[in-house]
Amino acid sequence: MTIQSTQALLSIKDLSVEFTTDAGTVTAVDRLSFAVNPGQTVGLVGESGSGKSVTALSILGLIPQPPGKITAGQIEFNGTDLLSLPERQLRKIRGNDISMVFQEPMTSLNPVFRVGYQIAEVLRLHKKMSKKQALKRTVELMDWVGIPEPQRRARSYPHELSGGQKQRVMIAMAIACEPKLLICDEPTTALDVTIQQQVLELLQRLQREMDMSMLFITHDLAVIADLADEVVVMYRSQKVEQASTENMFRHPQHPYSKGLMACRPQLHDNPRRLLTVADFMAADGQELSPTAEQQAPQVKVDKSSHPVLLEVKQLKTYFPIKSGFFGRIKSHVKAVDDVSFTVKKGETLGLVGESGCGKTTLGRTVLNLQAATAGSVFYDGIDVFAQTPTAMRHLRSRMQIIFQDPYASLNPRMSVGQTIIEPLCIHQPQLNKQQRWEQAAALLQQVGLNPDQLNRYPHEFSGGQRQRIAIARALAVKPEFIVCDESVSALDVSVQAQVLNLLLDLQQQHDLTYIFISHDLSVVNFIADRVGVMNQGKIVELNSAEEIYRNPQNPYTQKLLDAIPKGEPKSI
Amino acid sequence: MKLKLGAGLLLVIALVVLIGPMFAAFDAETIHWDDMAVAPDAVYWMGTDVMGRDLFIRTLQGGRVSLMVGLLATMVSVFIGVSYGMLAGYMGASTDAIMMRTVDVLYALPFLFLVILLMAFFGQQLWLLFAAIGGYLWLDMARIVRGQTMALKAQEFVEAAHAIGQQKRAILVKHILPNLRGVVIVYATLTVPQVIMIESFLSFLGLGVQEPMTSWGALVNEGADNMDLAPWSLWFPALFLCLTLVGFNSVGDGLRDRWDPSMQKSK
């Protein structure tokens, strides 16, 4: 532990925050203390619901009260106690001395104003600049955060910018007043891996040039490895460990931190199953150490001799761009452009690429959820596109999909039981009601949930649990083939590991074949036997997972690989 | 809580309107030549209007008409609007374009012209009034439902239902409709007062309820005209109208919450 010096820029002492809900009082932050020194970067790490965002909001005085309530503690910034400051003075500090970058660049910008105007507004508000001065400064700022052609871009609307550029604009807004402290709340979680790297580099550069302090909130330890000087790990509202980044990565002390370090798949030397927090810590908090068996290295079996299950031939999916009153087709977006590949039985084919590369469309087209423009898909010798609607519905019981967003993929008005039973009603009409519910309960158990929860509704579950429910629904029809469309991307790394393990176990038990779509190369490397790299609708490289990572042929693959956070501090 | 209060209020109003007239001392049409514009007293519980008719019985009988028109026309508009909008939104593409352009054309037709035409062809009947108002108001409902359906259709759970081999009709009924209920019920409760006001407007033009029959809308209109002489002829119908609207709104809000599983306390 570091000694909390009096010169700390921000010091939080014994902060406790509670929320009052219908179910009673929930402690979101429990006696949290840490300090951020001038020029220092502190990483605040924990899974969703651990209280890290609430901590950030308390610093800015943005906790909605009620239902929130700061019950104890002090937040001192530059010698003033923020908690006792009246709202009027707090507003002067917000955006000026302390500013924040949010997770979702798509929704944090106001879509009806030009981005330049939005940056200038901050300057006019806090620095009392004239319109002209503010605009001039805005262009300088945009140039500084690395937006090309800042003069022209300042006149763009948010929708005209890419995700990475939007995040740069958000950062420009945050640093406009040269804050002493910048709070970043998961600023790269919604971004592609290459853009994530650029944004991290930008933040690092800005911090050096402006000599500001940073509080960096994330669920992924790897992201802050070369950014943070010090790491605070939060678990269930409490701080469980605080150490310098180097120490944290070399000798994590608390079992939770150990689990957090181990659960992220690496590019090499992965265990057979990913270790999870539960392997290091029992439910009662007692420390466990993973057995040798659990740590046994992953061995990938060569499945090239297996029979072909899925054959995709010259598949094309184009989306028309229409214009004019009668919707004349002007041109096409080639989402999937002449793709051919085969998947063997029992194999996992990984598809990686950045957002917009067509990997999701490819998965949906293979399942005939999206009409193809040309080409054909043979599943077990059956031409998928040449089926009558009835035959297609039958075929659907053999091929399934698990979506990315566990919040959108379950009908909020249907209980978990109803959701799982729906496919049974379609494909096994001979079952009676009781048999169906028994099967649903068995499925829930299989995906690691309590069968007593059949009557609950999706909103009562966490993201990881919902994804398990979606998996149970897909399994209900007893499929042989499942497309996992970014199925773990929306989850915290610790939960991601659990779901990946579940997918592996299920594959073994049911002899499943997967197409695993993801933007995260390390995840794909862990789960897939072969990997296809997609760029602009084409598969640019397709090879065994090992070959792709050891010996990438295509420059695009190389670029993707370089962008993966190494998860090692710079000093090591 | 809200649901129970609102439903209770509506029940009381309905009972008063249905049973109340049995206790009335006068009938709605008799003109009391000696008692024009009398303030409420022991004889005339709600006073009389400028023509000397007992307002107690008129308000209650007007309530029957207003409630009936409000409910029936709303039901017509909900039924047509929801099925039409859901179909257009779900089918999309050219079906949607044709269906929604039809709605646009219907919007462009002047409503009054439509009603006058109907009345001219079929004579002045109360059920025609329901049909005409309902047949006009469903356009709004269809637009709202279509927009919601399009948003829902893009959600992954609808696609998941498709992926497990569910039929289109079942997806509409099991997945889309339950998620529309909240919007539909809230909008429907807003439609009831709208219908009551439209009916009074039509009655004012002589196209709706005919004297001596009356409705709350018509009474409020009359009352507003004679506010200087007999302000109570405005008070009572307006009070009933307000209470009814409050009742419908709370029932709408209450139902929306009841149907939303995430609003329920966890069991």
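Select helix 1 (residues 2-19) and helix 2 (residues 55-91) of chain B: their axes come within 8 Å and cross at roughly 125°. Keep in mind as you click around that this is a predicted model.

**Stop 1: the first helix pair in chain B**

An angle of roughly 125° makes helix 1 of chain B and helix 2 of chain B oblique to each other, because it falls in neither the 65 to 115 range nor the range over 145 degrees. Turn the view until you can look through one helix at the other, and you'll find that the crossing of helix 1 of chain B and helix 2 of chain B is left-handed. Now show side chains. From helix 1 of chain B, pick B:Ala14, B:Val16 and B:Val17; across from them, helix 2 of chain B brings B:Leu60, B:Gly63, B:Arg64 and B:Leu67 to the contact. Colour that set by class and you get five nonpolar residues, one polar and one charged.

**Stop 2: helix 2 again, with another partner**

Leave helix 2 of chain B selected and add helix 9 (residues 232-259) of chain B; these two pack at an angle of about 30°, with their axes 10 Å apart. That makes helix 2 of chain B roughly parallel to helix 9 of chain B, since the angle is under 35 degrees. The crossing of helix 2 of chain B with helix 9 of chain B is right-handed. Which residues make the contact between helix 2 of chain B and helix 9 of chain B? On helix 2 of chain B, select B:Leu55, B:Thr59, B:Gly62 and B:Gly63; on helix 9 of chain B, select B:Ser233, B:Phe236, B:Pro237 and B:Phe240. By class, the contact of helix 2 of chain B with helix 9 of chain B divides into four nonpolar, four polar and no charged residues. B:Gly63 is worth a label, as it is listed in the contact with helix 1 of chain B and in the contact with helix 9 of chain B.

**Stop 3: zoom out to the whole of chain B**

Switch to cartoon for chain B. You should count nine helices and zero strands, and the run from the N terminus on reads α-α-α-α-α-α-α-α-α. If you draw a box along the principal axes, the C-alpha atoms fill roughly 75 × 50 × 30 Å. Colour by burial next: buried residues make up 40% of the 267 residues in chain B. A contact map is a good companion here; take the contacts in chain B with a separation of 6 or more, and 69% of them join residues 24 or more positions apart.

**Stop 4: where chain A touches chain B**

Bring chain A back. At the interface, 26 residues of chain A are in contact with 18 residues of chain B. On the chain A side, select helix 14 (389-396), strand 16 (399-402) and helix 15 (416-427), the elements that give two or more residues each. Helix 15 of chain A supplies the largest share, four residues. By class, the side of chain A that touches chain B has 12 nonpolar, six polar and eight charged residues.

**Stop 5: the domains of chain A**

Colour chain A by its domain assignment: domain 1 (1-97 + 178-253), domain 2 (108-176), domain 3 (308-398 + 481-563) and domain 4 (407-476). Put a centroid on the C-alpha atoms of domain 2 of chain A and another on those of domain 4 of chain A, and the distance should read 47 Å.

**Stop 6: a buried helix in chain A**

Go to helix 1 (residues 52-59) of chain A. Six of its eight residues are buried, so this helix is largely enclosed by the rest of the structure. The buried ones are A:Lys52, A:Val54, A:Thr55, A:Ala56, A:Ser58 and A:Ile59. Just after helix 1 of chain A, check the backbone of A:Gly61, which takes a positive phi of about 70°.

**Stop 7: two positive phi values outside glycine**

Select A:Glu178, in the loop between helix 7 (163-175) and strand 7 (181-185) of chain A. A:Glu178 is not a glycine, yet its phi is positive, about 50°. Is A:Glu178 buried or exposed? A:Glu178 counts as exposed, because it has 12 C-beta neighbours inside 10 Å.

Then jump to A:Asp380, in the loop between strand 14 (374-379) and strand 15 (382-383) of chain A. A:Asp380 also has a positive phi, about 55°, without being a glycine. With 16 C-beta neighbours inside 10 Å, A:Asp380 counts as partly exposed.

**Last stop: A:Phe341**

Finish in strand 12 (residues 328-344) of chain A, at A:Phe341. A:Phe341 counts as partly exposed, with 18 C-beta neighbours inside 10 Å. Leaving aside neighbours within four places in sequence, A:Phe341 is in contact with A:Val312, A:Gly532, A:Ile539 and A:Leu542. Add a C-alpha to C-alpha distance to A:Lys313: the two are 28 residues apart in sequence and 6.8 Å apart in space.

Technical notes: Residues numbered from 1 in each chain as written. Chains lettered and ligands numbered in written order. Predicted model: local features only at pLDDT ≥ 70, side-chain atom pairs only at ≥ 80, totals over all residues. Buried ≥ 20, exposed ≤ 12 C-beta atoms within 10 Å, placed from the backbone. Domains from an automatic or database assignment. Contact = placed C-beta atoms within 7 Å. Nonpolar A, V, L, I, M, F, W, Y, C, P; charged D, E, K, R; others polar. Axes fitted to C-alpha atoms, helices over the stretch in contact; angles between N-to-C directions. Left-handed = near helix turned anticlockwise from the far one by under 90°.
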